[in-house]
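Got your viewer open? Let's walk through this model one selection at a time.

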Amino acid sequence: GGCSSVRQTTCQFCVMFTGLVILENDALSRLSWDAGLSGLLLLACGAYAVLSVLLVVVWATILDAFAPGCIGAKDAYALYAITQIMKYITSNVVHVVGRHVVLRRCGVSHLALVSTVFGEAAILVCGACLTILAFEADLLAAAYGRYVRPEKFAIVAAVGLPLCLGAALICLHGAGIRRLISTGIHRRLVPRLMVALAAAAVFFASTGLLISTVCRLLLADPAGFSTAAVAATLAGAWAVGFIIPGASAGIGVREAAVILLLSPAVGAGNAAAIATIYRIVTAGGDALLAGFGELVRRFAAGPAYEGR
């Protein structure tokens, strides 16, 4: 339909924009590709894979609020890790569908799974906003003028998204507040959302610092580079790529966001180089996460994978 065409056009434009900036500024030549630092890049991929376990915690914690005890810890890790790599397939929804299919076999209701999807999206965006607020509240204001205040956006998102999620849950359950409270879901939901939000914030903060540190070491001329600003930018770019449907793993969208936000401070060439490193580390980390997940599925996973 028309919306699908708009999404595809937007994603294609972002990919072309990113490619043109990288080629025009010869971004790869701005990196120091000696053996030691190349090895550092590989280590960063492994570290990102380890930190991505926090994303498993976010998803599994929210799932447990809506479908308590439906899946064990090892099964949750294996399922999330293996399906996460599927986000690189066109449409950026195959990973969600994969989890839905497996959990339906475990008897989890459609309602619980849909609620988990919305809850995960809200928590991840909130976690990214909190990271922006913590690291570089004035990032956009410094780049584009004093009227843009990202800390206001972060606060509104961190408070407003959970409220919107709560309203959506009331509608999804087809009941009023009294009936919803009578189910006892609020006693499970509130503490689990807090745990999930903490895990999301730690994920964005730690991966942002990890990748920004690697970028600083790899850039031949890191003039104007700010670790906090880069970490905040990467958190925002991750969230933008996550919420835009149709962008497979946010390809093109995240890189374009990094380039647009960092170019005023570090220049288009360095910004494109940072976007390139960001994609290498995240893609490599996702691949390693999926590999570890497959090992867990083969040798340690339980009932969720019976019959596969």
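Here is a tour of some aromatic rings, two arginines and a helix.

Before you click, note that this is a predicted model, where local features need pLDDT of at least 70, side-chain atom pairs count only at pLDDT 80 or more, and totals for chains, interfaces and linings use all residues. Residues are numbered from 1 along each chain as its sequence is written, and side-chain values use heavy atoms, with hydrogens and water left out.

**Stop 1: the aromatic rings**

Select Tyr 48, Phe 203, Phe 204, Trp 238 and Phe 242, which form one aromatic cluster. Rings of Phe, Tyr and Trp (its six-membered ring) pair if their centres lie within 6.5 Å; planes under 30 degrees apart count as stacked, over 60 as edge-to-face and the rest as tilted. That rule gives 6 aromatic pairs. One of them is Phe 203 with Phe 204, edge-to-face at 5.2 Å centre to centre, with 70° between the planes. Both Phe 203 and Phe 204 are buried (under 20% relative accessible area; exposed is over 50%, partly exposed in between, with a 1.4 Å probe and protein chains only).

Now keep Phe 204 and add Trp 238: this pair is edge-to-face too, 5.2 Å centre to centre with 75° between the planes. Phe 204 sits in helix H10 (residues 185-218) and Trp 238 in helix H11 (residues 227-243), so the pair ties together parts 34 residues apart in sequence. Helices here are DSSP runs (H or I, at least four residues), numbered from the N terminus.

**Stop 2: arginines over rings**

Stay on Trp 238 and show Arg 254, which lies over its face, 4.7 Å from the ring centre. The rule for a charge over a ring is NZ of Lys or CZ of Arg within 6 Å of the ring centre and within 35 degrees of the ring normal. Then jump to Tyr 80, where Arg 99 lies over the face at 4.0 Å from the ring centre.

**Stop 3: helix H5**

Select residues 94-105 for H5. Which residues of H5 are buried? They are His 95, Gly 98, Arg 99, Val 102 and Leu 103. Look down the axis: the buried residues fall within an arc of 120° (taken from the directions from the helix axis to the C-beta atoms), so they line one face of the helix. Gly 107 follows H5, with a positive phi near 90°.

**Stop 4: Phe 66**

Finish at Phe 66, in helix H3 (residues 53-66). Phe 66 counts as buried because its relative accessibility is 11%. Measure across to Leu 113: the two are 47 residues apart in sequence but 7.8 Å apart in space, C-alpha to C-alpha.

How values were computed. Helices (H or I, at least four residues) and strands (E, at least two) are DSSP runs, numbered from the N terminus. The expected span of a helix is 1.5 Å times one less than its number of residues.
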